[in-house]
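Reader: I am new to this structure and should like to understand the terms used to describe it. Please explain each one as it arises.

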Amino acid sequence: MPGTNNAFRRFLTSRWFRRFWYSMIILFFLLFVLIPSTFVLSHLISGWDKISAEVLGDGQMISTISNGIMTSFKLAGAVTIIDFIAGLPMAWLLNRGHFKGRRYLDTLIDLPLVVPTSALGFSVALFWATPGGFAFFFNSPTGAITSSFILLMLVHVAFSYPYMVRTLSASLEEIDITYEIAGRTLGASPLTAIRTITLPLFRGGIVSGTILSFGRSISETGATVLALSIVGASQADGTAPVLIAGWRKLINEGGSMAEKYITASAFTSVLLIILALVLLTLVMIIIKKFKLPIKKVWPAQEKMLSGRIFKYLRDASSNIFLILAVLIPAFFIFIFFFRGLAQGNSLAGIDLAGFLNSLFASFLIASIVTVVNMGLGIPMAILIARKKAGTVTQPLDVLINIPMIIPSTALGFSLGLFWSGIGGGLSSLANADFLLIVLAHIAFTYPFIVRTVSSAISDIDISFEEAARTLGANPLQVFRKIIFPLAKPSIMAGAIMMFARSLGETGATLAVASTAVTTPVYIVKLVNENALFEAALACIILIGISYIILMGLRRLSSGK
Amino acid sequence: MHEISLHNVKKRYGTITALDDVSFDIEKGEYVTILGPTGSGKTTILKLLAGLIEPNEGEVRFKGRRVNELCPEERDVGLVFQNFMLFPHLNVWENVTFGPHMRGWAREKTDKLGRQMLDLVHLFNRALSYPNELSGGMQQRIALARTLTPGSKIMLMDEPLGALDARLRVELRYELVRLMKGLGITTIHVTHDQEEAMTISDKIMVLRRGKIEQIGAPMELFLRPRSIFVANFVGESNFIEGIISEIKDSFLKVELKDGLTVVVPSVDGAALGERIVIALKPENVSIQKGVTKGINHIQGVIERRSFLGTFVKYSVRLETGDLINSKVLTLQKDKTLEMGDKSTVSFRSNEAVVYHHPKDGVRRELEVE
Ligand SMILES: Nc1ncnc2c1ncn2[C@@H]1O[C@H](COP(=O)(O)OP(=O)(O)O)[C@@H](O)[C@H]1O
Ligand SMILES: [Mg+2]
């Protein structure tokens, strides 16, 4: 019946329906992402009495919280700087280098992304902090690294580095290389051309790389907990997310102190959120306003530094960094496991049913989250990229980033408060924990798809869409025939990131539901019980399955 | 010593041969245009000269010295990009003084040069504007000033007027020549606009499919095009095919399709019974109403009349079946011809140019791609 079909189609493409649809998209974002993520801020007002009585009045508590927060920010700051310094030449190499193995290098960079962060943290910590790791080559009876802060730095660099390199290299790709060439024809040496022309045009990329790297480090819980327990440091030496996860456990056990720990968690979350927002806003302003010293030029010196030898040195050292600081530590777990196997270690500590259940839960959550956010994030990306929301577009574009900047533990805590505070809470539902975890994961992975896809769409010349419209395509057809095919690589990249982020997340999961057992949580538990060998096996299985799924997704994105 | 030479240069991109055995010499102070359709390899030549790419074979020479491997910043060659490529994060002054800055020249010298070049392009008052605040014409002039400040004596320009609107394009092209000649700069100007090339060049190089078809002064190319392609690309031409029926001194008697004969100048290697192609510029074809007889007179019917301003262009369907264009001055009000009128076209023997018949046919020879 073509008649009804047409009427239906006309309805779908009518202005009224479009408005409704856009409003729904925005509403979803507010209700399921933004408000739950920041709900805890309201606690500052409503729960102020409790905060001042139970937390501010307790000197011990205050010093614990401030230590945790200090460690978090010091760590995230150091990690971001290291990522940037090591990542910039690598991004350059990936984009502007001409060599045979470039494609392989590209894949190598992404490899750590398939390793769930808790598994990765475990592996990195084993490598640096146990006698069988890096120290093995020096016959040392202890691990190479004994300082817990340095170990945490190494762990965080390993999982945040790929995000930095990816972001920098994507934004570098957008800068027309002709500017650099024009500079060279005007007499600039390669290094000078990069410094005075490309870098200043590159601020946007530096800002997003910083936000991602910083946000990843300040959020991470699982990897941090694991690293601390391997080096034998007290969890109290850890970061703020580790504190919150610890309290959450105590809250669940109940007891007279539970109330106090809830207040402490809320207060710490509020501090984390506010400080992270303030700090990143400052960084953004500084990077945008900061004038690179492009006025000064040292022709002779820079020419020398552009020379072949220095270029080789630079390329070699960024490759060595990738291998030594990221790849080997990230995959050391395989060596650890097989060595253990050869030595005849037993797998007694693993409870197979429990482990399989956790695997099932983890992959189910990651899949649901990915599918839901594809459906709801892509329309938002279009909305932002094509400025369809009028004056609301600009603020939306900024607000989207918030869940990425908020430490995921604080986000999880906030979200838990929000949903359990509404109408008796979700906790009355049978599978409340599962639902809460899904909601939390939806909230913190949402920015990944919106960001990647919206920047891809705004790069697509709108003339293509206009041409299609003049040729008679309706907005839905334009999406299917023009936007989707052109943005497909970015859509898939966003999906991969969401999936990997959800799979690796420990902090947010623990913050909303401390009894739920996803694989990262299970691994943390094994390590805490000192069942390292079993933990290694669990990590390897998790890595293996993630790898297969992500390769499948990637194949989907490159195929038709 | 030639200022610039290419010597048997080949440049391949994968399996595509962008330049195939290209050689030329350019003398100091010359204003040379490279004229050719899109994809013919014009930009590739500029890139080779600027050091952005290296040839697969052959040599690039400046003043007789081989410079194949010399990097761009050491060549001291200015390049003006088609889209100007003004650095968007720098203002006009910073853009224009970029070159001297890169060379670490003293402050006073840099300032003096910047000022001088901005004055030259009449834009000193916009020194503090950013590129996106300028019109296309202004951006073009700033791009020019930026390329001039380092004082390079060789200037390469890739379709420098291509991004401007028609009127500005015409105005600025004379400005370009005036500037370059005034500074004694050797210039290579790339364009696909034959009128632009004709009006401003000392020398035109016609490029087609990576090969040089002809190098010469504009007048020479116009009057003595060496190939059918050049005859058509540098001022259009009519082409009529025929067979040589008689060779007499330096003239040929040629039989056209319906048995009609015309007399045209000879061509090297002409042989009795050979197929040839006659090229005629529309300006050299006159047209009269009615039937008149004589040497090189052919009857036909007017199929189209277009008014071009100074000229009127008639398209006449000849008895031979060929369609021929004739351009006549728009003065003779009394003799205006109408569509459908029977008329006679004629031309003088020595204004025709004769070519051997190309083996792939005339049409293929005229293709620009
Ligand atoms: N980087 C490149 N890679 C592959 N082919 C190229 C590249 N640059 C140019 N070509 C090809 O070389 C030929 C000449 O190109 P170009 O010099 O840009 O032509 P023009 O400037 O005359 O339009 C074209 O067929 C073009 O497709
Ligand atoms: Mg070109």
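Author: The answers below deal with a ligand, an interface and a salt bridge. This is a predicted model, in which local features need pLDDT of at least 70, side-chain atom pairs count only at pLDDT 80 or more, and totals for chains, interfaces and linings use all residues. Residues are numbered from 1 along each chain as its sequence is written, chains are lettered from A and ligands numbered from 1 in the order in which they are written, and side-chain values use heavy atoms, with hydrogens and water left out.

Reader: What makes a residue part of the surroundings of ligand 1?

Author: A residue is near a molecule if one of its heavy atoms lies within 4 Å of it. The residues around ligand 1 include Tyr13(B), Pro37(B), Lys42(B) and Thr44(B). By class, this shell has three nonpolar, six polar and one charged; Ala, Val, Leu, Ile, Met, Phe, Trp, Tyr, Cys and Pro count as nonpolar, Asp, Glu, Lys and Arg as charged, and the others, Gly among them, as polar.

Reader: Why is the approach of Gly39(B) to ligand 1 called a polar contact?

Author: A backbone N or O atom of Gly39(B) is 2.7 Å from an oxygen atom of ligand 1. A polar contact is a pair of N or O atoms within 3.5 Å, so the pair qualifies. Lys42(B) also places a backbone N or O atom 2.9 Å from a ligand 1 oxygen atom.

Reader: How do you know the extent of the interface between chain A and chain B?

Author: Buried area is the accessible area (1.4 Å probe) that two parts lose on being put together, summed over both. For chain A and chain B this is about 2100 Å², with 68% of it on carbon and sulfur atoms. Tyr179(A), Thr185(A) and Leu186(A) supply 32% of the area that chain A buries against chain B, more than any other three residues. Counted by contact (heavy atoms within 4.5 Å), 24 residues come from chain A and 25 residues from chain B.

Reader: Why is the pair Lys211(B) and Asp20(B) called a salt bridge?

Author: A salt bridge is a side-chain nitrogen of Lys or Arg within 4 Å of a carboxyl oxygen of Asp or Glu. The closest N and O atoms of Lys211(B) and Asp20(B) are 3.5 Å apart, and therefore the pair satisfies the rule. Lys211(B) lies in strand β10 and Asp20(B) in strand β2 of chain B, 191 residues apart; strands are DSSP runs (E, at least two), numbered from the N terminus. Across the interface of chain A and chain B, the rule finds zero salt bridges.

Terms used. Polar contact = N/O pair within 3.5 Å; in protein donor to acceptor, adjacent residues only side chain to side chain. Helix = DSSP H or I, 4+ residues; strand = E, 2+ residues; numbered from the N terminus.
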